[in-house]
Amino acid sequence: MPRDGNIMAEAIRRFQADKERRAAQLERRTEEIYRRVPAVQAIDRQLQATAARIVLAAFEQDGDPDAALKRLEEGNLALQRERAELLVGAGYPYNYLDDGPACQICQDTGFLPDGAPCRCLAAYYTREQNRRLSKLLDLGSQSFETFSLAWYPTQVWQEYGCSPQDNMKMVLELCQGYAHSFPKMGNLLFTGAPGLGKTFLSACIARDVGERGFSVVYDTAGHVFQQFESGKFGRENPFEEDPDREINRCLNCDLLIMDDVGTEMLTSFVQSAFYRIVNDRLLSGRRTVLSSNLSLDELGRRYGAAVLSRISGEYQVLRFFGKDIRLLKLDQ
């Protein structure tokens, strides 16, 4: 699956930094042991010499190299046992100076033989992606497990034919299925008044999809359109970002979540940029979640018939209705 190059570069940097940190820690531990238990240093020297003799014995032409190898290996094991006993006797774990790789799969290279990132490096990628998402989303507390239906009234709203709570139960289950089966399902449009959980569920989806290794970009519509304007017209970018890079991220990530669609200042360029985002991502088979306070018809009137046609045909519309949860929490 494609990954964001900038996030991967930072993940590799952090991966290498941790690798160097572990090496430095081992060096400090080794210096400490050699100072406190000099016999360990003497054994390590013998082990290094034994390793060289094993290599020589393996290429020995005369005599019985197998027998020589066996004797050398037995001596090596005896030295290792003595070394472990010295460490334990001095109050340290027997493996205090072990310098094996943290990842047995890739041997701390970060990559598999076919060039794909190992799962250890992929974990760094996920953490870095979540760190960036957390600048806009509260990924620490926003999860499907913490989403509460108790904030939604149980009385039936006649204009919708069901209660807000029953509706949100359906929406929650669909969002969970969307995240857990990504990218099998298509695109989503969240529509409804503010304070009804659209951003919360967007964060839940971003969190779960990102943790599965997919590239996720969450952003507000206003910020996205600012990047497109800066890239197109060379205007000053108040966000101090590379607009071309940000545009590429929006168009090519596995999942783009655009929040607050319809709150930005409308211009003909914004209409064109929004059409490009929706259309290009549909053509490339990449998934998008849009969130707006506007209804589907209002979005059509705002962005034009072409956008409305694509959203109507390719997006599943999820309606959010109920009482503003933020206001309900303030009243408690």
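This is a short walk through one predicted model, from its biggest pocket to its aromatic pairs, cysteines and backbone oddities.

Okay, ground rules. Residues are numbered from 1 along each chain as its sequence is written, and the model is predicted, so local features need pLDDT of at least 70, side-chain atom pairs count only at pLDDT 80 or more, and totals for chains, interfaces and linings use all residues. Side-chain values use heavy atoms, with hydrogens and water left out.

Let's start with the pocket. The largest one holds about 440 Å³ of space. For the definition: on a 1 Å grid over the protein atoms alone, a pocket is an open set of points where a 1.4 Å probe fits, with protein on both sides within 12 Å along at least five of seven lines. The volume is the space filled by probe spheres set on the points, and the points are joined across faces, edges and corners.

Its lining has 20 residues, where lining means having an atom within 4 Å of a point. Which of them lie nearest the centre? Those are Gly-195, Leu-196, Gly-197, Phe-200 and Arg-326. As for elements, α6 (198-211), β3 (255-261) and α12 (325-331) each give at least two residues to the lining. Helices here are DSSP runs of H or I with at least four residues, strands are runs of E with at least two, and both are numbered from the N terminus.

The lining splits into 7 nonpolar, 8 polar and 5 charged residues. Nonpolar is Ala, Val, Leu, Ile, Met, Phe, Trp, Tyr, Cys and Pro; charged is Asp, Glu, Lys and Arg; the others, Gly among them, go down as polar.

Stay with Leu-196 for a second. Leu-196 sits in the loop between β1 and α6, and at 2% relative accessibility Leu-196 is buried. That label means under 20% relative accessible area, with exposed over 50% and partly exposed in between, using a 1.4 Å probe and protein chains only. Leu-196 is 126 residues from Gly-322 in sequence, yet their C-alphas are 6.7 Å apart.

Now the aromatics. Searching the whole structure gives 12 aromatic pairs. Rings of Phe, Tyr and Trp (its six-membered ring) pair if their centres lie within 6.5 Å; planes under 30 degrees apart are stacked, over 60 edge-to-face, and the rest tilted. Take Phe-15 and Tyr-124: the ring centres are 5.4 Å apart and the planes are at 80 degrees, so that pair is edge-to-face. Phe-15 is in helix α1 (residues 5-36) and Tyr-124 in helix α4 (residues 119-133), so the pair ties together parts 109 residues apart in sequence. Phe-15 is buried at 4%, and Tyr-124 is buried too, at 13%.

Another edge-to-face pair is Phe-225 with Phe-274, at 6.1 Å centre to centre and 90 degrees between the planes. Phe-225 belongs to helix α7 (residues 221-233) and Phe-274 to helix α9 (residues 268-284), 49 residues apart. Both are buried.

Back to Phe-200 from the pocket: Phe-200 forms one aromatic cluster with Phe-147 and Tyr-152. And there's a charge over a ring: the charged end of Arg-29 sits over Tyr-96, 5.3 Å from the ring centre. The rule there is NZ of Lys or CZ of Arg within 6 Å of the ring centre and within 35 degrees of the ring normal.

What about cysteines, how many disulfides do we get? The count is 0, with a disulfide taken as a pair of cysteine sulfur atoms within 2.5 Å. The sulfur of Cys-120 has its closest cysteine sulfur in Cys-106, but at 3.5 Å that is too far for a bond. Cys-120 is buried, at 17%.

Last stop, the backbone. Most residues other than glycine have a negative phi, and most peptide bonds are trans. Here, Phe-182 and Pro-183 are joined by a cis peptide bond, omega about 5 degrees. Pro-183 is in the loop between α5 (164-181) and β1 (187-192).

For positive phi, look at Gln-107, near 60 degrees, and Asp-108, about 65 degrees. Gln-107 lies in the loop between α3 (65-89) and α4, and Asp-108 is found in the loop between α3 and α4. Are they buried or exposed? Gln-107 is partly exposed, at 45%, whereas Asp-108 is buried, at 9%.
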